[in-house]
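The following exercises concern pockets, burial and salt bridges. Please work through each task before reading its solution.

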Amino acid sequence: MNIIIQSTLKTLQKSKNLLDKLEDNALCDASLPPYYSSIGTHIRHILDFYDCIFNLDSDKVIDLTKRSRSKDVESKCVSAVNYLNIIIEKLSKTDFDMDETVKVIDDLGLGKTEIKYTLGAIFTQANSHTIHHYAIINYILEGLNISFNDSNFGYNPTTPKLSTLN
């Protein structure tokens, strides 16, 4: 299995570990300022990103603006786990050509634009994007006083740890 997919599966396992610990009320709690987002909205957003990749059309176009945005995934742990399992299964069972060129549609703030990528690049971006959202989720967990014992949750592997800086 390709190292990008292996890394992605390892990263997504953290979502499973988190969802196994949470109750629905914590998943959808959007009470914390300044953004009032919930753990569920971040998990759903992460999984939608991967789902967009899997919706690669016959013209080799991935449209990141066409996300499903399921409210059930944002508010029900069982729905989030089911969606996560679908993504993990697709990642595990599909043989991707990481050098294949695709067109990615995204809105960078000035309207939709089309960018050339390789599948390897979009999966790498998805993995980094996931870790970025884990960092935000970490802030939400802290604000909700929910302990999640994973010292690497939300940290990019290249981020120096405090102990390595001394």
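On a 1 Å grid over the protein atoms alone, a pocket is an open set of points with protein on both sides within 12 Å along at least five of seven lines, and lining residues have an atom within 4 Å of a point. The model is predicted: local features need pLDDT of at least 70, side-chain atom pairs count only at pLDDT 80 or more, and totals for chains, interfaces and linings use all residues. Residues are numbered from 1 along each chain as its sequence is written, and side-chain values use heavy atoms, without hydrogens and water.

**Exercise 1. Describe the largest pocket and its lining.**

Step 1. The volume, taken as the space filled by probe spheres set on grid points joined across faces, edges and corners, is about 300 Å³ for the largest pocket.

Step 2. Of the 15 lining residues, Lys10, Thr11, Ile131, Tyr155 and Pro157 are the closest to the centre.

Step 3. Helices here are DSSP runs of H or I with at least four residues, and strands are runs of E with at least two, numbered from the N terminus. The elements giving two or more residues to this lining are α1 and α6 (119-143).

**Exercise 2. Is Lys14 buried or exposed?**

Step 1. Buried means under 20% relative accessible area, exposed over 50%, and partly exposed in between (1.4 Å probe, protein chains only).

Step 2. Lys14 has a relative accessible area of 17% and is therefore buried. Lys10, at 65%, is exposed; both Lys14 and Lys10 lie in helix α1 (residues 3-21).

Step 3. Beyond its neighbours within four places in sequence, Lys14 is in contact (heavy atoms within 4.5 Å) with Tyr134, Phe148, Asp150, Asn152 and Phe153.

**Exercise 3. Which parts of the chain do the salt bridges of Lys16, Lys60 and Asp63 join?**

Step 1. A salt bridge requires a side-chain nitrogen of Lys or Arg within 4 Å of a carboxyl oxygen of Asp or Glu; the whole structure has 9.

Step 2. Lys16 pairs with Asp20 at 3.1 Å. These two are about one helical turn apart, because they are separated by 4 residues in helix α1.

Step 3. Lys60 and Glu100 form a salt bridge at 3.4 Å, N to O. Lys60 is in the loop between α3 (39-54) and β1 (61-63) and Glu100 in the loop between α5 (77-93) and β2 (101-107), so the pair ties together parts 40 residues apart in sequence.

Step 4. Asp63 meets Lys112 at 3.9 Å, N to O. Since Asp63 lies in strand β1 and Lys112 in strand β3 (residues 112-118), this pair ties together parts 49 residues apart in sequence. Asp63 is buried at 13%, whereas Lys112 is exposed at 56%.

Conventions
1 Å grid on protein atoms, 1.4 Å probe; cavity = no way out; pocket = protein on both sides within 12 Å on 5 of 7 lines; lining within 4 Å.
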